[in-house]
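Student: I have a chain open and would like to talk through its cysteines, a helix pair and some backbone oddities. Can we start with what counts as a disulfide here?

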Amino acid sequence: MTTVEEGEVINKGSVAEALIRSRAPKRSLAVRLLDVARAEAADQTDRWRLWAPVFFGAGCAAYFALKTEPPAWPLILAAVVTGGVWIAARRRGLGRRWTLILLMLACLCGGLAVVKLRTEAVEGPIAPSMDRPTLVEAWVMDVDSPGERGARIVMAPVRIRGLAPEATPVRLRATVRGEPPRPGEAVRLYGILNPPPAPASPGAYDFGRNAFFQGMGGTLFALSDTRAATLSPPPWRVRVAMKINAVRYALAQRIVERLGPRIGGIAAAMTTGHETWIGQEDLDAMRDSGLAHILSISGLHMAVVGGFVFFAVRLGVAAWPWLALRVSGKKAAAIAGLAAVATYLVISGAPPPAERAAITASIAFAAILLDRQAVTMHALAVAAFVVLALQPEAVVTPGFQMSFAATAALVALVEAWPKRIKEISAPWPIVAGQRLGSWLVAACTASLVAGLATGPFAMQHFNRTAMYGLFANLSAAPVADFVLMPALALGAALEPLGMGAPFLWLAGKGVEVMLAVGHWTADLPGAVRTVASAPTAALPLAFVGVLFICLWRGRLRWLGLPLAAAVLIWPRPAAPDVWIGDGGTNAAFRRGEAAVVIRPQVRTFAVDLWSRRRGLTPAPRAEEGWACKRSFCAPETTEAGPVALWWGRAAPGGEQMDALCRSAQVISSRAEIRVLPPSCEGRLVLDGVDYGRGGSVELWREGAGWKAVWAADVRGRRPWTRQADPDFSDSGG
């Protein structure tokens, strides 16, 4: 044993070697970080492929970011060439580094090509804006969720007065008077026909794009009662869809009759997707408490129903020794789970979120049948690939972004969760207490992780954060997962046989508990916080950050944390000084943190959407200081407001226009203005021609002038922007 000057004890080697080692310079921080990065990169051998669906989705998202529609052949050619080069590189044994780069490039180009082909496949006629009401004869396909103006239905039009057959949309969404007609009925409606609504403000969620990919070519606002019509039989696919939807609607009605409109309405929405009977007060409470996701059929419902059937069948097989010796209980349960998911998908009406959840659940059950682990990142990657290949437009929808971000975060949590050491000969009270504590810790952690993963998307898309959402979900989740959903599944299955009453009663009690939690949480002080939307670039960065944290293995995953927080920390630009809805029928201006609405009772959905997106609180204009008549509203003083609004269909006369220009700096007219009086010099005048071209507009004051951003300029010229609606007549809900 030899001791050197620094006090180092050397067990092997000479004194000279020890001195050399003691004098060796320490490695710099950059070198050590580089060594860590290399070690962790080598640890990702089986993880690089997980980025393939990410690049595929990035290609899909890049298509929607374009302002003009690209031709199909360059995108298809690029996908074929890059895919062929990748295959050739693999066959020739090119290094893994190069094949991975080529794979990601092929996925990126493939995403662009697939979404372009999908757009051309679903493209159909879009209804024009009609100046006069028209007559529509159609088959009722389904009953849709109600809007702010009444009940709504989805129709397959047969004839529309004023439109040629080739210009008739495939589907229409109609707002009707009174009780909605049932699916399968032939109806005649007299009303106002418009294209699908444009965004409520520049950069806001594009309802028209969503309707385009659902085959919805227009909206109808009925001006008369619904009347029966005599029509020729529809195609067989339409007949099948109407029969299925008729069964769904009848089941929803029976559930409501059993449990009453309030409790039964929520149970029906969770079973069949029909939200017709949900009251606005309950809906607001569920949103403000963070429990609204339980109402819409998505991944949670598919997981609970499929998982309940899986474990029930597996338990049944295990309880029958003769069958357990001859049949794999796990695989039989997986087959039963697949059947349950498919059945629930049909009963729910197969909305896009339910379809995506069904695909993900089916891949998990298929993995069990193939003797693979069901809950893995690779299974989730396959599910993402399948969903995006079938519905590439899902990449820009909040439901897809939130569901896959939450699922990826939970799978990453499962991978990182420490394995529990099983107790040996411990008393059962101690074991029960330990397992209860473990379950509580796991449930809290899972809810927290899922909430953090979906937080950026909730902030950006919905501009609201439920401050007590974690508490509400922890309180309601055990009831919803273990009582409410299983009882609803059994009750819905047995109700057609007349034996669903006890299970539906139990489900009703679960709904009561969930509503009690929702209302109590929503009534707490500061239950909801409004967050303004960040610039567009923040959300993709946040998505990449969340995925990097989930997909990367090792400590370097936390480098994605600043990106994941991009939506939260990105500086918000100044809110617009004025907003005018498309068509010029309503406007608001900013005063401090409030959005002062000129017509508080008109198109409240659009006003609320814009104000929340900009982090403002809607407030009605003051009664004093404004001169308002049947067709216009103008400030009497400059302090009252900067905008005068004319919403009459007829253009204002010369004297009226002169008075409007003297009253405000911004003058908005729904009708076209042909001649401007001298008093309008130096004023910003917008009329029906501007709104017909640009849709809604946001205005910022810049010195003596105004900066305008139009919704049409943000949307670009795409297939779903044809016949853009200048009236926004049915944007509610």
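Tutor: A disulfide is taken to be a pair of cysteine sulfur atoms within 2.5 Å, and please keep in mind throughout that this is a predicted model.

Student: How many disulfides does that give?

Tutor: The rule yields two disulfides, and, with bonded cysteines counted along the chain, they follow the pattern 1-2, 3-4.

Student: Which cysteine is joined to Cys-661, and which hand does the link have?

Tutor: Cys-661 is joined to Cys-680, with an S to S distance of 1.8 Å, and the link is right-handed, with 80 degrees about the S-S bond. Cys-661 sits in helix α23 (residues 654-663), whereas Cys-680 belongs to the loop between β18 (666-669) and β19 (684-686), so the bond ties together parts that lie 19 residues apart in sequence.

Student: Are Cys-661 and Cys-680 buried or exposed?

Tutor: Both Cys-661 and Cys-680 are buried.

Student: And what does Cys-628 pair with?

Tutor: Cys-628 forms a disulfide with Cys-633, and the sulfur atoms of the two are 1.7 Å apart. Cys-628 is partly exposed, at a relative accessible area of 28%, while Cys-633 is buried, at 1%.

Student: Why is Cys-60 not in a bond?

Tutor: The closest cysteine sulfur to that of Cys-60 belongs to Cys-107 and is 10 Å away, which is too far for a bond. Cys-60 is also buried, with a relative accessible area of 0%.

Student: Where is the nearest cysteine sulfur to Cys-444?

Tutor: The nearest one is that of Cys-550, at a distance of 20 Å, and Cys-444 is in no disulfide. Cys-444 is partly exposed, its relative accessible area being 35%.

Student: Switching to helices, how do α3 and α14 cross?

Tutor: The axes of helix α3 (residues 52-65) and helix α14 (residues 377-390) come within 9 Å of each other and cross at roughly 20 degrees. Since angles under 35 degrees count as roughly parallel, α3 and α14 are therefore roughly parallel to each other. As for the hand, α3 passes α14 in a left-handed crossing.

Student: Which residues meet there?

Tutor: From α3 the contact takes in Ala-52, Pro-53, Phe-56 and Gly-57, and these meet Ala-381, Ala-384, Phe-385, Leu-388 and Ala-389 of α14. Sorted by class, the contact of α3 with α14 has eight nonpolar residues, one polar residue and no charged residues.

Student: One last topic, the backbone: what is odd about the phi of Ala-350?

Tutor: Most residues other than glycine have a negative phi. Ala-350, although it is not a glycine, has a positive phi of about 50 degrees. Its place is in the loop between α12 (329-347) and α13 (352-369), and Ala-350 counts as partly exposed, at 28% relative accessibility.

Student: And what about Asp-371, where does that lie?

Tutor: Asp-371 lies in the loop between α13 and α14, and its phi is near 60 degrees, a positive value in a residue other than glycine.

Student: Is Asp-371 buried or exposed?

Tutor: Asp-371 counts as exposed, because its relative accessibility is 58% and the cut-off for exposed is over 50%.

Terms used. Residues are numbered from 1 along each chain as its sequence is written. This is a predicted model: local features need pLDDT of at least 70, side-chain atom pairs count only at pLDDT 80 or more; totals for chains, interfaces and linings use all residues. Side-chain values use heavy atoms; hydrogens and water are left out. Axes are lines fitted to C-alpha atoms, for helices over the stretch in contact, and angles run from 0 to 180 degrees between N-to-C directions. Helices (H or I, at least four residues) and strands (E, at least two) are DSSP runs, numbered from the N terminus. Angles under 35 degrees count as roughly parallel, over 145 as roughly antiparallel, 65 to 115 as roughly perpendicular and the rest as oblique. A crossing is left-handed if the near helix is turned anticlockwise from the far one by less than a right angle, and right-handed if clockwise. Contact means heavy atoms within 4.5 Å. Ala, Val, Leu, Ile, Met, Phe, Trp, Tyr, Cys and Pro count as nonpolar, Asp, Glu, Lys and Arg as charged, and the others, Gly among them, as polar. Buried means under 20% relative accessible area, exposed over 50%, partly exposed in between (1.4 Å probe, protein chains only).
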